[in-house]
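User: I should like a close look at a single part of this structure. Please take one helix and explain how it is placed among its surroundings.

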Amino acid sequence: MTHDDQLLMVLANARVIFFDFDGPVCDVFAGLPAPQVAKQLSALLASHAPAAAKAHETDDPIEVVRIAYEASPELGQEVEQALTAAEVEAVAAAGPPTPGAVEALQAANSSGKAVAIVSNNSAECVQHFIEAHGLGDYIVKVIGRPAGQPHLMKPNPFPLITAAELMHTDVTNCTLIGDSLTDIQAAHAAGATVIGYANKPRKAELFVEAQADAITDDMQTIAHALTVA
């Protein structure tokens, strides 16, 4: 079976499609680099020496939030609120949707498959982007980062299970399109199928090892497959 056959089969069996946000829909930190945001967030941990030292070792803003919550719930909330504000600023500077993303959303809609965004980014920034680019007609629900509960972000299956409940379907009827290993892991843990969007070198190899159900490096390919699945 070819990669195209696998993609067609996965999409044909899906009643609901979950799109991860950062990657498949938007390059969130294209205009406001993630390392810059991580550095700004790390500065908020300055009075908590062990956490600050750990935060300075990562350029992932979401990882800084996890570290802050480990230090204290109050600090975690402060850093998470700062991240949400930075994400809203970032999507405003991110530019247009990922090439092929709009076509994929339209094709899912035309094929009768409901769509939800399931993201570790804040729901606020996703909503801002959706409204700015007129995508609201194609998306039924937005499930963002569970506030105050970083342990429930993907790879935890919680966001996918929550999304399926909100879409009134069993999660095994759902397919997630994601560009990270945490997406693959979350889908497997939830019992959903998963399409790995390999938008950077070596991701396809990693997704094969993680046993993604289908892999593509082009959102336009997903759009085309949805028109014939």
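Analyst: The following account concerns the helix α9, and then the pocket to which it contributes. The model is predicted. The helix α9 spans residues 181–190. Five of its residues, Asp183, Ile184, Ala186, Ala187 and Ala190, are buried, where buried means under 20% relative accessible area. Why do these buried residues line one face of the helix? Viewed down the axis of α9, they fall within an arc of 165°, and therefore they occupy one face. A general rule helps here: an α-helix has 3.6 residues a turn, so residues three or four places apart point the same way.

The buried residues of α9 are covered by several elements, including the helices α8 (158–166) and α10 (203–209) and the strands β4 (174–178) and β5 (193–197). Just after the helix, Gly191 adopts a positive phi of about 95°.

The helix also takes part in the largest pocket, whose volume is about 840 Å³. Of the 26 residues that line this pocket, Asp22, Asp60, Asp179, Ser180 and Lys203 are the closest to its centre. Both α9 and α4 (61–71) supply at least two lining residues each, and α4 gives the largest share, namely four residues. By character, the lining comprises twelve charged, eight polar and six nonpolar residues.

Definitions and conventions:
Residues are numbered from 1 along each chain as its sequence is written. This is a predicted model: local features need pLDDT of at least 70, side-chain atom pairs count only at pLDDT 80 or more; totals for chains, interfaces and linings use all residues. Side-chain values use heavy atoms; hydrogens and water are left out. On a 1 Å grid over the protein atoms alone, a cavity is a set of points where a 1.4 Å probe fits but cannot get out, and a pocket is an open set with protein on both sides within 12 Å along at least five of seven lines; lining residues have an atom within 4 Å of a point. Grid points are joined across faces, edges and corners, and a volume is the space filled by probe spheres set on the points. Ala, Val, Leu, Ile, Met, Phe, Trp, Tyr, Cys and Pro count as nonpolar, Asp, Glu, Lys and Arg as charged, and the others, Gly among them, as polar. Buried means under 20% relative accessible area, exposed over 50%, partly exposed in between (1.4 Å probe, protein chains only). The arc is that of the directions from the helix axis to the C-beta atoms. Contact means heavy atoms within 4.5 Å.
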